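This report describes the architecture of one protein model. It proceeds from the strands to the interior and then to selected positions.

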Amino acid sequence: MSAPESELDFVQPWFLGPAAENDRMLEELVVEFLRDHAYWRRNFHPEDGLRISVGARHAQGFLDTQARMRQELYRMSAALKRAVPFFHPRYVGHMTGDLLIPGLVAKLITTLYNPNNVSEEAAPVTLEWELQVGEQLARMFGYAVDDDAEPCAWGHLTSGGTVANYEALWNLRSVKFYGIALQSGAARVGIDPGPVGPAAKPLSAYTPWELLNLSVDDTIALRRDVARALRADHPPERFAEFAGAVRAERIESLGTAGFFMKHGVEPPRVLVSTSAHYSWAKGMKVLGLGTANLVHVAVDDRMRMAVPHLREELDRAEDEGVSVLAVVGMLGTTEFGTVDPIHEIADERDARRARGFDFGLHVDAAWGGYLTSVFRRPDGSFRERDEVAEGFRYFPSDTVHRAFEAVSRADSITVDPHKMGYVPYPAGAFVARNREVVDFITQEAAYVFDLGDEEQERPRREKLHNLGQYILEGSKPGASAAAVYVTHRVLPLDSDGLGRLLGLTVRACEAFYDSVEAAQERLEGRVRLCVPFQPDSNLLCLALNPWNNTSAAAMNRFSRAVFARMRVDGERPVQIKTFIGSYTSLLKKTLPGDQTHRILTGLRLDPDTLRLLPADPGREADHLFILRHTLMNPWLLAGPDDRSYIDHYWDWLVEVIDEVLAEGGWRGGTGAPAAP
């Protein structure tokens, strides 16, 4: 399968290129805007004259300093030649690729201005761009962003998906336990507003379980109702007293342990699939919720969240009277690229909400979020599956199509522009469906942020210009906002823009998937190949097992020896690597039994050799080591000699396999290759 010529023509202007083919364009852009920046400096109060004189630039001390700088920069540049060549089609490893020229130039040039997007005072231009990036992403996901829309979405950039995931938990935690604090604060000062909230009854009449199971929108409505009632019936000083009492009862004041102990509330649970990113366990630690309350839901034979097991875990929480803070759906796992059935998770949330058991729904789309552009028409409407499928062999499956369509039903979303947005690090993003959640997390001291302001019951967009009040981070680079903003402007987040580029990468993945059968024929009698899961996106995993081997541990040693030929060694020139890849593992403890049987059967492995062995020092028997290929590069289907890079990859991999087979160290004993 080759890339259509028109699609290759489309992507050619966007990147510096595997051989720096567009270096002249990049150089001209950088020099042009560097000169423009210099002109700006010269014309900011030109009456002040020069602080660095012409004569100073010829002084010996000046020249010595210049020489030292140049020498260190040469050393730096030389050392960087051992960096990972993410830009090249021969790199098929982790989730990073070449950089889009508009974002790269925007980042370089804006760094000269060094804006700090913590507030409008420090970044009057780039902070506004960051908020517009949030709106661009929200539109792509199907959220409403017009000021008169209710709810109205908002988003901002983070240092990466991990911090965005933390922020999702932080937002949902603040909203989840607000109703309890509101009721306790009312009792503390002897006020009982009513009728308020979704049940239109006095605040004191709500049970703790009812308050814990309000949706985000219902909690916001309850807060509004209470504020209106207090303003109508009480003087300002009484309102301030009430607001202070509410603040004192909140989890942000009492701390996690203090809040749960005082209010007799069990810590909430967060449900994620077993293939979810490790940042969720870190987030539970950071917020003091504890990893014991992180529930791992089983996956099905496509490594997607198994909804039947999700129902079981939700039933268990409901039966035990424990609230669920969030269910997290993955829109492209970082290990396997698989897409959870977001539509089924949302349906389950809606059904339970109707009977008074509610939880937040967050979509971790750090990897796959930008693929939404493939599904979005330029007018913002969502494309039908048949329309999207034109030009693909398998993509999108019905589950994948419905999952992307259902993303707009989530309360919040994580996405990483520095992955499939092709912009420089750091650039993650957090997007919330309802921007009124910011009033629950603000660091502003004024009481209006605890109970609502008559002039500002729904926060105006301008308030978000004090961004540091609403995010986990403090100082943050405005240059990242410029990179993402400019990229989105010139390559819109729809099927005619970024979606065309990403479509090429999905087609490359499909071509790779289809090529496995031919590769297996080439390797007949030497190695068995297995793609454990048909790809949902542009990431493909490959398992390798020597032909007559039945031991999982021996297979792992063999695969590690193969991977050693494609891993980067910081002490050696990167040019000696023909291809560079990555790996992951299928863990015995997380694989469902039927899935394990299917994979082991395909590889002809003895099931008894894949087991947990505490005494095994190398722990080579409790998992399957597999090669992971992230196919982000748009040139994969257009390689040298009129053959795709995928064809060249197989030629090389067959050679490597033969080398490792001949060495024989993978069979065990002291000659076994060390694990990387």
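The sections below treat the model's basis, its sheets, its nonpolar cores, its cavities and pockets, and two individual residues.

## Basis of the description

The model is predicted, and local features are reported at pLDDT of at least 70, side-chain atom pairs only at pLDDT 80 or more, whereas totals for chains, interfaces and linings use all residues. Residues are numbered from 1 along each chain as its sequence is written, and side-chain values rest on heavy atoms, with hydrogens and water left out.

Helices (H or I, at least four residues) and strands (E, at least two) are DSSP runs numbered from the N terminus. Two strands count as paired if DSSP finds at least two bridges between them.

## The seven-stranded sheet

An open sheet is formed by 7 strands in the order S1-S7-S6-S5-S4-S2-S3, with mixed pairing. Strands S1 (154-158) and S3 (294-297) stand at the edges with a single partner strand each, so one side of each has no neighbour in the sheet. On average, neighbouring strands are turned by 20 degrees against each other, direction ignored; axes here are lines fitted to C-alpha atoms, for helices over the stretch in contact, and angles run from 0 to 180 degrees between N-to-C directions.

Helix H13 (residues 279-286) packs on this sheet and touches strands S2 (269-273), S3, S4 (324-330) and S5 (360-365), contact meaning heavy atoms within 4.5 Å. The direction of H13 makes about 165 degrees with that of S3. At the S1 edge, S1 pairs with strand S7 (residues 428-432) in the antiparallel sense over 5 bridges, and Gly155 stands opposite Val431 in S7.

## Strands S8 to S11

Strand S9 (residues 539-546) has 8 of its 8 residues buried, so it is largely enclosed by the rest of the structure. Buried means under 20% relative accessible area, exposed over 50%, and partly exposed in between, for a 1.4 Å probe and protein chains only. In a regular strand the side chains alternate between the two faces of the sheet. In S9, Leu539, Cys541, Ala543 and Asn545 point one way, and Leu540, Leu542, Leu544 and Pro546 point the other way.

S9 pairs antiparallel with strand S8 (residues 527-530) over 4 bridges, where Arg528 has Asn545 of S9 as its bridge partner. Another 4 bridges join S9 to strand S11 (residues 623-630), again antiparallel, with Leu627 of S11 as the bridge partner of Leu542. S11 also pairs antiparallel with strand S10 (residues 582-587), over 6 bridges, and Leu587 stands opposite His623 in S11. Along S10, Ser582, Thr584 and Leu586 point to one face and are buried, while Tyr583, Ser585 and Leu587 point to the other and are not.

## Nonpolar cores

A nonpolar core is a set of buried Ala, Val, Leu, Ile, Met, Phe, Trp, Tyr and Cys residues joined through side-chain atoms within 4.5 Å. The largest core holds 89 residues, of which Leu137, Val327, Tyr370 and Leu624 touch the most other members. Beyond its neighbours within four places in sequence, Leu137 contacts Tyr370, Val415, Ala429, Val431, His488 and Leu493. Apart from this core lies another, of 58 residues, among them Phe239, Phe259, Phe430 and Ile441.

## Cavities and pockets

On a 1 Å grid over the protein atoms alone, a cavity is a set of points where a 1.4 Å probe fits but cannot get out, and a pocket is an open set with protein on both sides within 12 Å along at least five of seven lines; lining residues have an atom within 4 Å of a point. Points are joined across faces, edges and corners, and a volume is the space filled by probe spheres set on them.

The whole structure contains 8 cavities of 30 Å³ or more, and the largest has a volume of about 90 Å³. Its lining includes Asn171, Asp411, Phe430 and Arg433. Helix H6 (161-176) and S7 each give two or more residues to this lining, the largest share, 3 residues, coming from H6. The largest pocket has a volume of about 530 Å³. Of its 16 lining residues, Arg41, Arg42, Leu50, Ile52 and Arg57 are the closest to its centre, and helix H2 (residues 23-42) gives the most, with 5 residues.

## Two partly exposed positions

Gly244 lies in helix H10 (residues 236-249) and is partly exposed, with a relative accessible area of 25%. Its C-alpha atom is separated by 9.7 Å from that of Val189, 55 residues apart along the chain.

Asp350, in helix H15 (residues 342-354), is partly exposed, with a relative accessible area of 31%. Asp350 and Arg409 are 59 residues apart in sequence and 9.8 Å apart in space, C-alpha to C-alpha.
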